[in-house]
Amino acid sequence: MPQQKDIVKIAIQMPGAYPQLIQLDQKKPLSAVIKEVCDGWNLPGPDNYALQYADGVQTYITESNRLDIKNGCILRLTKAPGRCAEDLYKGIQSSDSGVRCDSLKELASVSTDVTFAQEFISRDGHLLLVKIVEDSNESNMIMTHTLTGFMELMDHGIVSWENLSSVFIKKIAGFVNAKPTDASIQQVSLDILESMVLSSHSLFLQVKQEVTMERLIAHLQVTNQQIQTKAMALLMALLQTAGDTDRQDMFAFLNKRNLRQYIYKNIIHSSGSVQDEMAHYLYVLQSVTLNHLEPRMRTPLDCYSQEQRDILHGLRQAAFETESENSLSHERRRSLCAKEFKKLGFSNNSNPGQDLVRTPPGLLALDTMYYFAARYPDAYSRFVLENSSREDKHECPFARSSIQLTLILCEILRIGEPPSETGSDYHPIFFSQDRLMEELFCVCIQLLNKTWKEMRATQEDFDKVMQVVREQITRTLSSKPTSLELFKNKVNALNYSEILKLRQTERLHQEETLAPPVLELKERLKPELLELIRQQRLNRLCQGTMFRKISSRRRQDKLWYCRLSPNHKMLHYGDVEEDMDNPPIETLQDKIPVADIKGLLTGKDCPHMKENKGKQNKEVLDLAFSITYDVEEYSLNFIAPSRTDFCLWTDGLSVLLGREMSSESMRSELEILLSMEIKLRLLDLENVPIPDCAPVVPKPPSNYNFCYDFSQTEQ
């Protein structure tokens, strides 16, 4: 007795007969099962029959796929694949056009089954279809069925596309190139040509020679969405298969005729499944077009290339008006170049080409910098000169920023990544710009300078600024701007403060979705971590800070130092010399009891800001704070050396006054500490031994040759 799992209960149908309900024994040969079914209907010659699914895709049942049959399946007894192939082969050669048409129509339907396809091709049936196409003596309907059947047969990969004759290829291309004709013929002809192009380079060359770009574009302009889709598919296949030279010629043709814009505008009005398919082709067009930049992205700068060296020096000369270099000595000229390359923002000012050896972005970074300098010379000069003349350590390095920005854009636009077969995420802005990468760079490098100033960044904040700029770009592109101008307006409106607000909103939303126990844990941890931050602030005040007195004579004069006493009861301060670092508390002659401090003022409310109203810029206002004492008749006025020091001192003074800390630095640190502490508390530490004391620190190595030099490259 067969096991129960080997038995499948199914129904078998045949036209003109009552269905048979049988228990199919999966261990019994399929030929024996078919014989039993034929015996049930008294049919002779069981070898001429086969089983086929009655619903859905009507696939033949074979020994290899019979295990896919499930309980309740409905099968149909039909002609065996070999017999069906033989009958259709004869029918296609009939002298009666009606019989030929019916046979070819049935062929187009049953050729989707690989078992039938193998039988039909083994009789050279596909060559019979090729001959019908080459002769071109049949009606449009017969030709449509012929081409459809041929395409279905070839899709199984049983026969190579390269075995087709040039006459056949010319005939198929002729159907595509013909003036308005039967749409069904053109659809399947476009399908056939696409498969040819994707199968081999030699067929690509033949198809490219036979079908012109102009004709494909004409098919994109018709109202039939199926024709549009097939034409777009062939165009993408040509672009993907073409070599660099052919692809550049195609891009030039598309750009010259503004056809990318037309394709986008025409296709976004598609509907249903056609729209999804067209979205994929738009994604492919964008990916293939942008990927022509990949060779530049993967190629490092060659320091021996005179052309590349000339471009580097062209960037320098465009930024600085220098005296005639020819009249200078070699050493003087070399020193001048190094100085100007340093102002330009290169890390290696004596050999700036070393900054561009990293791939990616390679030579693409040089291309984008040169494009910006040539396309927008005023903006380029303004960027470089504004930052090269600063002496407050807040200068934004143009070259270093440009190299990293180019890399970020390559990652966002996925340059160098092959298009996915299912991808459909394209940028509408791509279809309004011929040089999207370069134009985006020009907008974003100016955005970077703006964000750098908003963040009051120094060289130490470089990575943080680049992270914010990346977020500004990705958030703006996700809104699908349709033009560069719209992108520019949106990305500039998304300033640093807006990014912080968005981050806070998203963080709050994430917190709302946390489980109640996690939220409760977070609230319980807050007091402990706030106390930790308070102690850090007071310790920082005890260390003290050097401040500058800002005079009204537009120059900076004396330095003074202020620090909190170890017992937190006195503020000691006094003038110091420039070369004095961290002066002892005994040398600071003046002091204020903390108990006498009445209030803390910031910004424009400070007395020293009111005295110089209209003369202070926003940067100074944001760093100003004062403490009042003796019934607010006296004040001690500060200008913090940095925003970090401003936050530390205002938080520390608030702690001394018994107030809540309110700086953005405190909020950021609290969030980091909370996140780390919660992650540690939620770790699965069961059966993990935790030592009672810290592990022994190992001895230092004998040398540090393994250390990586981060000064020469960005991470």
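What is the volume of the second largest pocket? In this predicted model, the second largest pocket has a volume of about 550 Å³, and 22 residues line it. The points below take up that pocket, then strand E1 with its two partner strands, and finally the cysteines, for which a search of the whole structure finds zero disulfides.

**The second largest pocket**

- Among the 22 residues that line the second largest pocket, Arg 309, His 313, Cys 337, Phe 341 and Ser 350 are the ones that lie nearest its centre.
- Two helices, H16 (306-319) and H17 (330-343), each supply at least two residues of the lining of the second largest pocket, and H16 gives the most to that lining, with seven residues.
- Sorted by class, the lining of the second largest pocket is made up of eight nonpolar residues, eight polar residues and six charged residues.

**Strand E1 and its partners**

- Strand E1, which covers residues 7-13, is mostly covered in the model, since five of its seven residues are buried.
- With strand E2 (residues 20-25), E1 pairs in the antiparallel sense over six bridges, and within this pairing Val 8 stands opposite Leu 24 in E2.
- The hairpin that E1 and E2 form has six residues between the strands, and in this hairpin Gly 16 takes a positive phi near 80°.
- Strand E1 is also joined by three bridges to strand E4 (residues 74-79), and here the two strands run parallel; Ile 12 stands opposite Leu 75 in E4.

**Cysteines without a disulfide**

- The search for disulfides covers the whole structure and finds zero of them; Cys 396, for instance, is in no disulfide, and the nearest cysteine sulfur, that of Cys 444, is 13 Å away.
- Cys 396 counts as buried because its relative accessibility is 3%, which falls under the 20% cut-off for that term.
- Cys 562 is likewise in no disulfide, with the nearest cysteine sulfur, that of Cys 542, lying 11 Å away, whereas a disulfide would need the two sulfur atoms to be within 2.5 Å.
- Cys 562 is buried as well, with a relative accessible area of 0%.

Terms used
Residues are numbered from 1 along each chain as its sequence is written. This is a predicted model: local features need pLDDT of at least 70, side-chain atom pairs count only at pLDDT 80 or more; totals for chains, interfaces and linings use all residues. Side-chain values use heavy atoms; hydrogens and water are left out. On a 1 Å grid over the protein atoms alone, a cavity is a set of points where a 1.4 Å probe fits but cannot get out, and a pocket is an open set with protein on both sides within 12 Å along at least five of seven lines; lining residues have an atom within 4 Å of a point. Grid points are joined across faces, edges and corners, and a volume is the space filled by probe spheres set on the points. Helices (H or I, at least four residues) and strands (E, at least two) are DSSP runs, numbered from the N terminus. Ala, Val, Leu, Ile, Met, Phe, Trp, Tyr, Cys and Pro count as nonpolar, Asp, Glu, Lys and Arg as charged, and the others, Gly among them, as polar. Buried means under 20% relative accessible area, exposed over 50%, partly exposed in between (1.4 Å probe, protein chains only). Two strands pair if DSSP finds at least two bridges between them.
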